[in-house]
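Please look over the sequence and the model below before reading on. The explanation after them is meant to be followed with the coordinates open.

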Amino acid sequence: MKHMARCPALVAILAISLIAEAALALLSMTADADEQPFLPKSVVSSTVPENGDVNPYGVAIVPAGFPSGGTIAPGDVLVSNFNNSDNLQGTGTTIIKLTPNGLVSPAGQATEFFKGSFPGLTTALGVLKRGFVLVGSVSTADGKFATIEAGPLLFLDRNGDVIPPSPFTMKLDGPWDLTIDDEFDHARVFVSNVLNGTVTRLDLAITPSTVTVNAATVIASGYTFQENDAALILGPTGLAYDPEDDVLFVSRTGSSGKGAIIFQDDHLRGPLALVFAPNGNLLTANGDAVNDDPTQPSEIVEFTRTGRFVRQFNVDAAEGGAFGIGLASLSKLVRFAFVNDNAVDLTVTDRKSRELPDD
């Protein structure tokens with residue numbers, strides 16, 4: 001009888017232990033879910049400021065180590081606008097900024113970093129680590145190719161104010177895109193010129209308060225440039241520089257110009273912006289102005305530097321949406337940003353470095 005009396009008590013204790021273990025397991029699963037969420041860390045925000053500028057072109061991310069005391073900080077995303085509120089090409093005058101803190105800017109409320117008197121701000125948008133922003137201008141009087149003019153390259157401080165050597169035009173003719181080899185107190189800036197099919201290298205000396213252009217040299221020429229109904233003009237655009245091998249990669253739409261072709265196939269449909277991914281591959285945005293395919297619209301394409309296609313994804317269901325791309329490593333975080341010209345917005349996605357897939 002005494003033995004029989006102990007059994008229910010033992011069973012009851014075991015039952016309580018199992019419930020406790022189940023509760024602990026559930027708490028553990030919840031904690032794991034919090035640490036490894038399913039949803040990506042991403043935000044989609046309008047690029048339209050108060051004045052109504054549209055057609056976002058260039059994208060640049062403020063790098064780590066950028067000095068404080070201005071209106072932009074490391075991780076902020078800058079976007080240059082090419083069109084005005086009437087959607088006339090080559091007439092936009094603003095650069096907007098987005099601080100990816102989870103908050104979205106509705107249309108007409110994007111924060112302005114810069115508003116100037118040189119219209120048609122292009123994908124030639126970049127940031128110097130020591131505290132300056134560069135942006136190119138290619139303008140029109142009425143949005144038409146017949147009135148197109150080469151504007152300057154502007155140098156801005158971290159408050160968005162124009163500084164010398166602006167407006168810079170030496171050896172430039174339509175600064176359409178750029179990439180920077182930044183060594184902090186000096187830098188090389190490579191600029192593609194859409195109105196004469198060349199690439200120019202600028203050698204800069206940089207102090208905390210000044211930027212000086214020590215030399216301007218045309219390093220490549222002969223690239224095709226021509227009028228285009230959809231894109232206004234086609235010519236050499238995206239640039240990506242590999243300092244280890246001292247190689248400059250150029251996205252182009254024609255068959256002429258200096259350099260060896262590394263990638264040419266049907267996945268390219270008017271390549272524009274060009275950046276290196278952390279895995280060493282190249283990313284380019286298709287503008288769909290040539291070789292268009294409505295079943296593969298507005299694609300960002302990934303390929304190796306030896307010319308092997310890797311992957312692509314579209315940013316819009318219609319053609320002509322993909323344009324500017326920005327990518328930066330911020331501590332253990334990789335920030336990837338791209339614009340959609342059709343929706344007039346900016347997508348910013350963050351990934352931990354260890355989450356990056358292998359090539």
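What follows goes from the chain as a whole to two of its sheets, then to its nonpolar cores, and ends with one loop residue.

The model is a predicted one, and its protein chain contains one helix and 24 strands. Of the 359 residues in the chain, 49% are buried, while the surface that the chain exposes comes to about 16900 Å², with carbon and sulfur atoms supplying 55% of that area. Among the contacts that join residues at least 6 apart in sequence, 52% link residues that are at least 24 apart.

A good place to begin is an open sheet of four strands, in which the order is β1-β24-β23-β22 and the pairing is antiparallel. Its edges are formed by β1 (41-46) and β22 (322-330), each of which pairs on one side only, and neighbouring strands in this sheet are turned against each other by 15 degrees on average, with direction ignored. Strand β1 is joined to β24 (residues 345-352) by six bridges in the antiparallel sense; within this pairing K41 stands opposite D350, and V44 has T347 as its bridge partner. On β24 there is also the pairing with β23, where eight bridges join the two antiparallel strands and N340 stands opposite D345. The hairpin of β23 and β24 has four residues between its strands, and V344 takes a positive phi near 55 degrees there. Because six of the eight residues of β24 are buried, this strand is largely enclosed by the rest of the structure.

A second open sheet of four strands has the order β18-β19-β20-β21, again with antiparallel pairing. Its edge strands, β18 (271-276) and β21 (309-314), have a single partner strand each, so that one side of each is left without a neighbour in the sheet. The twist from one strand to the next averages 20 degrees. Between β20 (residues 299-303) and β21 there are five bridges, in an antiparallel arrangement, and one of the pairs places I300 with F313 as its bridge partner.

The packing of side chains can be taken up next. In soluble globular proteins, nonpolar side chains tend to be buried together. The largest nonpolar core in this model has 24 residues, of which V77, W176, A337, L346 and V348 touch the most other members. At least two residues of this core come from each of β2 (54-61), β3 (77-83), β4 (94-98), β15 (232-234), β22, β23 (333-340) and β24. Beyond its neighbours within four places in sequence, W176 is in contact with a set of residues including Y57, F82, V138, V194, I233 and P236. Another core, of 19 residues, lies apart from the largest one and has F132, L172, A187 and V189 among its members.

The last stop is T140, a residue in the loop between β7 (132-139) and β8 (149-157). Is this loop residue T140 buried or exposed? T140 is buried, because its relative accessible area is 7% and the cut-off for burial is under 20%. A polar atom of the T140 side chain lies 2.7 Å from the backbone nitrogen of G143. With neighbours within four places in sequence left aside, the residues in contact with T140 are Q89, G90, T91, T147, I148 and L232.

Technical notes:
Residues numbered from 1 in each chain as written. Predicted model: local features only at pLDDT ≥ 70, side-chain atom pairs only at ≥ 80, totals over all residues. Heavy atoms only, no water. Pairing = 2+ DSSP bridges. Axes fitted to C-alpha atoms, helices over the stretch in contact; angles between N-to-C directions. Buried < 20%, exposed > 50% of the residue type's maximum accessible area, 1.4 Å probe, protein only. Contact = heavy atoms within 4.5 Å. Areas by Shrake-Rupley, 256 points an atom, 1.4 Å probe, with all protein chains shown as cover. Polar contact = N/O pair within 3.5 Å; in protein donor to acceptor, adjacent residues only side chain to side chain. Core = buried A, V, L, I, M, F, W, Y, C linked by side-chain atoms within 4.5 Å.
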